[in-house]
Amino acid sequence: MDYKKLCEDMVEYQILNRGILNKKLLAVMKTIPRHLFVSESMKASAYDDNPLPIGYGQTISQPYMVALMTDILEIKDSDKVLEVGAGSGYQAAILSRLAKKVVTVERVKELVDRTKKLLKKYKYNNVKVIHDDGTKGYDKEAPYNAIIITAATPTIPKKLLEQLAENGKLVAPVGPRYHQELIRVKKVKGKLEEEYFGGCIFVPLIPDE
Ligand code: SAH
């Protein structure tokens, strides 16, 4: 299987052709082998235009959705980023090549262990994987210039908005179980400004309590 070609085609046809023109992001996505983040039986489908199961009832998001959410975060190389829902580690790997530091929180212990190992093996060294309920954020490293929630949430957890830096941006799929709206919140002079980026469907964010 020519994974390199599949990866380049994925970026070209699924992402660039749908209007994401962020050159740095497109270049980074061409260098991150998505098949490394899925199980053996899923590798042949790793570059398909859809989400894929990663075990424990969870999924790795569709490549276009990963690109769109990353694009609208407008990450700078000096940024510290918080991800809620590490899952396979694919989104974190992309963020790690765009930001200074990435903290990613995951509640499923098995995914934490697997993803930690994987990110270490492939030298995504500026990513810290934390086992916890991400709706609380991760206070120790706050504030964050960018926060990404990669699971559906009925509302944006208050703690995450508190941990957002001034001029920081948070993106999240917000809404009920089977249909959410992709929302970006910017913190400008302490006030929150919301923008809407269309419908989407994610697995639910599950708080500990
Ligand atoms: N970003 C991931 C996709 C994540 S799917 C990737 O690139 O593969 C959503 C993830 O959120 C799942 O792994 C799920 O276990 C996790 N999750 C659900 N509720 C959570 C919570 N409260 N805190 C942290 N992670 C959570």
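Below, a biologist and a modeller talk through the ligand site, the pockets and two backbone details of a predicted model.

Biologist: Glad to have you here! What should I keep in mind about numbering and confidence?

Modeller: Residues are numbered from 1 along each chain as its sequence is written, and side-chain values use heavy atoms, with hydrogens and water left out. This is a predicted model, where local features need pLDDT of at least 70 and side-chain atom pairs count only at pLDDT 80 or more, while totals for chains, interfaces and linings use all residues.

Biologist: What makes a residue part of the shell around the ligand, and how many residues surround the ligand?

Modeller: A residue is near a molecule if one of its heavy atoms lies within 4 Å of it. The ligand is surrounded by 25 residues, and Ser 88, Glu 106, Asp 133, Gly 134 and Ile 206 are the closest. By class, 10 are nonpolar, 10 polar and 5 charged; here Ala, Val, Leu, Ile, Met, Phe, Trp, Tyr, Cys and Pro count as nonpolar, Asp, Glu, Lys and Arg as charged, and the others, Gly among them, as polar.

Biologist: Why is the pair between Glu 83 and the ligand called a polar contact?

Modeller: A polar contact is a pair of N or O atoms within 3.5 Å. A polar side-chain atom of Glu 83 lies 2.9 Å from a nitrogen atom of the ligand, so the pair qualifies. Ser 88 has a polar side-chain atom 2.6 Å from an oxygen atom of the ligand, and for Glu 106 the distance to a ligand oxygen atom is 2.6 Å. Taken alone, the ligand exposes 580 Å², and the protein buries 99% of that (Shrake-Rupley method, 1.4 Å probe).

Biologist: Which elements give two or more residues to that shell?

Modeller: They are strand 2 (58–60), helix 4 (90–96) and strand 4 (101–106). Strand 2 gives the most, with 3 residues. Helices (H or I, at least four residues) and strands (E, at least two) are DSSP runs, numbered from the N terminus.

Biologist: What makes a space a pocket, and which pocket does the ligand take?

Modeller: On a 1 Å grid over the protein atoms alone, a pocket is an open set of points where a 1.4 Å probe fits, with protein on both sides within 12 Å along at least five of seven lines; lining residues have an atom within 4 Å of a point. The ligand takes the space of the largest pocket, as more than half of a molecule's atoms must lie within 2 Å of the grid points.

Biologist: What is the volume of the largest pocket?

Modeller: About 540 Å³, the space filled by probe spheres set on points joined across faces, edges and corners. Among its 35 lining residues, Gln 58, Thr 59, Thr 150, Ala 151 and Val 203 are the closest to the centre.

Biologist: Which element gives the largest share of the lining of the second largest pocket?

Modeller: Helix 5 (residues 109–121), with 5 residues. That pocket's volume is about 160 Å³.

Biologist: Why might I look at Pro 143 and Asn 167?

Modeller: The peptide bond from Ala 142 to Pro 143 is cis, with omega near 5°. Asn 167, in strand 7 (residues 164–174), has a positive phi near 65° without being glycine.

Methods
Polar contact = N/O pair within 3.5 Å; in protein donor to acceptor, adjacent residues only side chain to side chain.
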